[in-house]
Amino acid sequence: MKIETIAIHAGNRVDAATGAVIEPITLSTTYERGEDGGYPSGYMYTRIANPNRASLENVLSKLEYGVAASAFSSGNAAGGAVFQALLPGSHVLAPTDMYHGLRNLLNVVYKGILEIDYVDMSDLQEVRNSIKKNTKLIWLETPSNPLLKLSDIKAITDIAKEHKVIVCCDNTFATPIFQNPLKLGADLVMHSTTKYLGGHSDTLGGALVTKEKNEFWDRILKVQELAGAVLSPFDCYLTVRGIKTLPYRMRGHLENAKQLTSFLKSNPKVEEVFYPDFGGMLSFLVKGGEAEAAKVANSTKIFTQATSLGGVESLIEHRATIEGPNTKTPRNLLRLSVGLENIEDLIEDINSAIN
């Protein structure tokens with residue numbers, strides 16, 4: 001099946017009892033045991049497994065060309081499960097430009113537990129030179145947040161394999177439509193399903209997809225089962241519904257983002273534009289510093305000033321203020337999640353705000 005067909009059918013099951021074409025939401029937290037004490041339905045307790053979660057995990061694994069997936073209560077919970085599966089004292093390489101929530105998770109929760117170094121993942125020699133004897137994980141995020149920097153997934157995974165290091169790639173910005181890290185050598189793919197996969201800014205979630213079922217994947221699943229960071233049946237249902245339109249939504253995000261990038265590059269009040277030529281995310285620097293950037297963010301009418309991304313509505317955000325006092329993000333940077341509104345309206349909105 002091609003990706004549009006996978007997106008529509010791999011996360012859905014016709015209900016055997018009623019014939020309902022759309023899989024119903026199973027809210028029960030517990031399941032009847034058989035006379036022998038077993039679980040003939042295959043389900044025991046919803047923290048361990050749920051039919052809606054199984055459907056979501058099936059479509060996720062197929063979209064990313066993996067063998068299995070696991071749905072979590074948030075993107076940070078998914079990333080955290082990878083970090084928890086590492087043994088104390090393990091060395092982790094992470095990007096200098098990455099989502100601040102996961103960076104803070106590493107710096108705060110895993111301080112003193114994991115050894116962490118941040119490197120420029122676009123510099124392959126720096127990546128190679130930063131690997132130590134106890135390096136166990138390379139965490140990639142490409143395109144990065146918020147500078148949209150690209151990393152060579154294939155080249156980095158080749159380096160990692162030389163040292164038997166696991167590679168996990170955050171594919172939230174690119175989505176499976178534009179990039180498949182497992183096909184490029186990564187061991188794991190992570191998503192904040194809150195973003196493009198859900199697609200409507202109304203459900204929180206995260207996911208991991210694995211290239212193979214191995215000991216490390218088993219440890220991740222055990223972390224999730226025991227800690228309980230699972231996605232609710234209703235959120236699974238909403239995410240599956242969002243994924244059905246993902247291929248077509250991403251084409252719209254791409255087209256709008258490209259046209260908006262062209263407009264911004266030609267605007268004399270824009271210092272620099274960051275866009276990797278695919279996806280719906282872009283950032284730009286406003287001439288005049290932080291005050292001018294804040295003025296633009298406060299002046300838009302269609303773009304909503306809010307955090308997050310990936311919904312059908314367009315968002316604008318001054319990233320430095322959300323990332324905190326230790327941020328390395330330029331103070332005049334604005335990040336845009338380009339939605340699916342009419343592109344002429346979006347360009348006019350940004351143009352009015354800048355001028």
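In this predicted model, P143 sits in the loop between β4 (135-141) and α6. The peptide bond that leads from T142 into P143 is cis, and its omega is near -5 degrees. The loop between β4 and α6 also holds P146, and here again a cis peptide bond is found, joining N145 and P146 with omega at about 10 degrees. A further residue of the loop between β4 and α6 is L148. The backbone of L148 has a phi near 55 degrees, which is a positive value in a residue other than glycine. L148 has a relative accessible area of 7%; because buried means under 20%, L148 is counted as buried.

The helix that follows in this account is α6, which spans residues 153-162 and includes T157. T157 is a good residue to look at closely in the viewer. Its relative accessibility is 1%, so T157 counts as buried. A polar atom of the T157 side chain lies 3.1 Å from the backbone oxygen of L184. Once neighbours within four places in sequence are set aside, the residues in contact with T157 are V167, L184, G185 and A186. L184 therefore appears both as the residue whose backbone oxygen lies 3.1 Å from a polar side-chain atom of T157 and as one of the contacts of T157, a contact being a pair of heavy atoms within 4.5 Å.

T175 offers another backbone feature worth a look. This residue belongs to helix α7 (residues 175-178). Phi of T175 is near 65 degrees, again a positive value in a residue other than glycine. With a relative accessibility of 1%, T175 is classed as buried.

Attention turns next to helix α3 and its surroundings. Helix α3 is mostly covered, with 9 of its 11 residues buried. These buried residues are G75, A77, A78, G79, G80, A81, V82, F83 and A85. Helix α3 (residues 75-85) meets helix α4 (residues 100-109): their axes come within 10 Å and cross at roughly 35 degrees. The crossing of the two helices is right-handed. On the α3 side the contact is made by N76, G79, G80 and F83, and on the α4 side by G101, L102, L105 and L106. Sorted by class, the contact of α3 with α4 comprises 4 nonpolar and 4 polar residues, with no charged residues. In an α-helix there are 3.6 residues a turn, so residues three or four places apart point the same way. Among the α3 residues in the contact, G79, G80 and F83 are also listed as buried.

The loop between α3 and β2 (91-95) contains S90. S90 is buried, as its relative accessible area is 6%. A polar atom of the S90 side chain lies 2.6 Å from the backbone oxygen of L87. Leaving aside neighbours within four places in sequence, S90 is in contact with I113, L114, E115, N134 and K136. For one of these partners a backbone distance can be given as well: the C-alpha atoms of S90 and I113 are 7.9 Å apart, although 23 residues separate the two along the chain.

The last element considered here is strand β7. Strand β7 (residues 206-210) has 5 of its 5 residues buried, so this strand is largely enclosed by the rest of the structure. In a regular strand the side chains alternate between the two faces of the sheet. In β7, G206, L208 and T210 point one way, whereas A207 and V209 point the other way, and all are buried. Strand β7 has pairing partners in β1 and β6. With strand β1 (residues 68-72), β7 runs antiparallel, and 5 bridges join the two. Within this pairing, S70 has L208 of β7 as its bridge partner. With strand β6 (residues 188-191), β7 pairs over 4 bridges, also in the antiparallel sense. Here V189 stands opposite V209 of β7. The two β7 residues named in these pairings, L208 and V209, point in opposite ways from the strand and are both buried.

Definitions and conventions. Residues numbered from 1 in each chain as written. Predicted model: local features only at pLDDT ≥ 70, side-chain atom pairs only at ≥ 80, totals over all residues. Heavy atoms only, no water. Buried < 20%, exposed > 50% of the residue type's maximum accessible area, 1.4 Å probe, protein only. Polar contact = N/O pair within 3.5 Å; in protein donor to acceptor, adjacent residues only side chain to side chain. Axes fitted to C-alpha atoms, helices over the stretch in contact; angles between N-to-C directions. Left-handed = near helix turned anticlockwise from the far one by under 90°. Nonpolar A, V, L, I, M, F, W, Y, C, P; charged D, E, K, R; others polar. Pairing = 2+ DSSP bridges.
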